[in-house]
Amino acid sequence: MSTTERPRILVVGGGYVGLYAARRILQKMRYREATVTVVDPRSYMTYQPFLPEAAAGSISPRHVVVPLRRVLPGAEVLTGRVSTIDQDRRVATVAPLVGPAYEVPFDYLVVAMGAVSRTFPIPGLAEEGIGMKGVEEAIGLRNHVLEQFDRADSTTDEEIRRKALTFVFVGGGFAGAETIGEIEDLARDAAKYYPSIKREDMRFLLVDVADKILPEVGPKLGEWGREHLEKRGVEIHLGTSMKSCVDGRVVLSNGVEADSSTIVWTAGVKPNPVLAEFGLPLGPRGHVDVEPSLRVRGLGHVWAAGDNAQVPNLVEGEGDWCPPNAQHALRQAKVLGDNVISELRGFPQQDYKHANKGAVAGLGLRKGVAMIKFGKFTIRLRGRLAWYMHRTYHGMAVPTFNRKIRVFADWTLGLFLKREVVSLGAMENPRHEFATAARPAPAVERPAPAPPAAESDTKEKAKAAAG
């Protein structure tokens, strides 16, 4: 046990699993039974399924995030990164936003680091690519796309216009398909306010190394999604990878090339690399190896779940491991929280088992696909009805009643009010204009003034008289 009066439960990460597990523990815990400490570099949890709609302006970005301190009033929330963990001493090293690192002792550990974007050493990707893992990236993408319309409208140079109005999305899973569907809708609405820009002037490309898009909803709905996007003018390149994007020059493996100012990368995720510093057993792809109870193998005081863990799937016919999606993460967090409390009180652990209930995806306003499972029966929906299912499911799944009301309010207002198409790109550097105005003007050296003409004549006459 640690030196504190009460045992400490340390939750590393404030995402799906971290937030829900901490809430579950706080709900089940007796008064002063333990101290719950949550560490995350951000003070909020991001509901990632809403990022495409936030990028398109259908939901306010503030309503996509959940403040940890407000939702976890009984927990100690530390803003920082856990850099290393000593399992023998049961001590975590936390690097805060400012100041030196410090150690936090713990008795029980929950690893909920989530995942980061899976990238490859593609020339130009680090300089040109835009991710879609956080609300900051969604806001930046929206401002960037609208800024391209301003650029295209302000010039007559066809090469600049073509590059500004070409949008490339790499990755055809949920994130890629939903984002390109929402952004294409946004672009259509924005074009109404630019007389010089028509939909025919824009070019949208969706690239994926797989042979289909939206694999999460099955081949039939995936094929319908592909046909639907193609009818909207989206070029889809399957079985294709991006070889280079230096200076916005996109080169695909199938020989297609295009100049683009907007390259969005949604080609999958991988476990957070810092897990290698936590002294945990890892699987072949870097996930934490856990038992069906979500307890880390060989470590009785550590649990892990979500994107950073390989969780055995106890349901027949659904694969060896649970897929890393929100549906499983939310349910795993509850079982994990119950197991931590059980360990605290000396009770046995319970295994995690959940049959897949289906999947839903939105492809823009009033367009979507949905696969819903009821036991052995599967219902497949597409179009407007599937879009309603998508919004209903995620509207109910977003954490806290406060956020549910705000999200549904955004959607309701969107039925009567037009979409905002204002770019706030200056938000990325809000002090630039003031700093420029406040900076002292550079000193300019000026030549000495010539003496007045009358004074020069007087000096010449004096010299002549003296001579």
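In the predicted model, L336 is in contact with V17, A21, V110, L294, W303, A304 and A305, its neighbours within four places in sequence being left aside. L336 is also listed, together with F149, F204 and F278, among the residues with the most contacts inside the largest nonpolar core, a set of 113 residues. Helix α9, which covers residues 326–345, supplies the largest share of this core, namely 9 residues. Another core lies apart from the one just described and has 13 residues, among them V170, V250, W265 and A267.

The chain as a whole has 13 helices and 24 strands. Its radius of gyration is 29 Å, whereas the globule rule gives 23 Å for 467 residues; the value for the chain is well over that figure, so the chain is more spread out than a compact globule. The C-alpha trace spans about 120 × 60 × 45 Å along its principal axes. Of the 467 residues, 50% count as buried. Among contacts with a separation of 6 or more, 67% are accounted for by residues 24 or more positions apart.

The unreviewed UniProt entry places the feature "domain: FAD/NAD(P)-binding" at residues 8–320. Over residues 8–320, helix makes up 27% of the chain and strand 28%. The end C-alpha atoms of this stretch are 33 Å apart.

Aromatic contacts were searched for over the whole structure, and 10 aromatic pairs were found. One of them joins F149 and Y194 in a tilted arrangement, with 5.7 Å from centre to centre and 40 degrees between the planes. This pair links distant parts of the chain, since its members are 45 residues apart: F149 belongs to helix α5 (residues 135–153), and Y194 to the loop between α7 (174–191) and β12 (203–208). F149 has a relative accessibility of 0% and therefore counts as buried. Y194 is buried as well, with a relative accessible area of 11%. F149 thus appears both in this pair and among the residues with the most contacts inside the largest nonpolar core.

W387 and Y388 form a further tilted aromatic pair, 5.2 Å from centre to centre and with 50 degrees between the planes. W387 is buried, at a relative accessible area of 4%, whereas Y388 is partly exposed, at 41%. In addition, one aromatic cluster is formed by Y16, Y47, F50, F408 and W411.

Charged side chains were examined next. The count of salt bridges comes to 26. In one of these, the side chains of E103 and R89 meet at 3.0 Å, N to O. This pair too links distant parts of the chain, with the two positions 14 residues apart in numbering: E103 lies in strand β7 (residues 102–105), and R89 in the loop between β5 (76–86) and β6 (91–96). Both partners count as partly exposed, E103 at 47% relative accessibility and R89 at 48%.

A salt bridge within a single helix joins R161 and E158, with the closest N and O atoms 3.9 Å apart. Both residues lie in helix α6 (residues 158–164) and are 3 residues apart, which is about one turn of the helix. At 10% relative accessibility, R161 counts as buried, because the limit for that class is under 20%.

D211 and K212 also form a salt bridge through their side chains, at 3.6 Å from N to O. Here D211 is exposed, with a relative accessible area of 61%, whereas K212 counts as partly exposed at 39% relative accessibility. Beyond such pairs, a network of salt bridges links E184, D185, R188, R199, R232 and K367.

Methods:
Residues numbered from 1 in each chain as written. Predicted model: local features only at pLDDT ≥ 70, side-chain atom pairs only at ≥ 80, totals over all residues. Heavy atoms only, no water. UniProt positions renumbered as here; feature names shortened; annotations may be inferred. Helix = DSSP H or I, 4+ residues; strand = E, 2+ residues; numbered from the N terminus. Phe/Tyr/Trp six-rings, centres within 6.5 Å; stacked < 30°, edge-to-face > 60°. Buried < 20%, exposed > 50% of the residue type's maximum accessible area, 1.4 Å probe, protein only. Core = buried A, V, L, I, M, F, W, Y, C linked by side-chain atoms within 4.5 Å. Contact = heavy atoms within 4.5 Å. Salt bridge = Lys/Arg side-chain N within 4 Å of Asp/Glu carboxyl O. Rg over C-alpha atoms; globule rule 2.2 N^0.38 Å.
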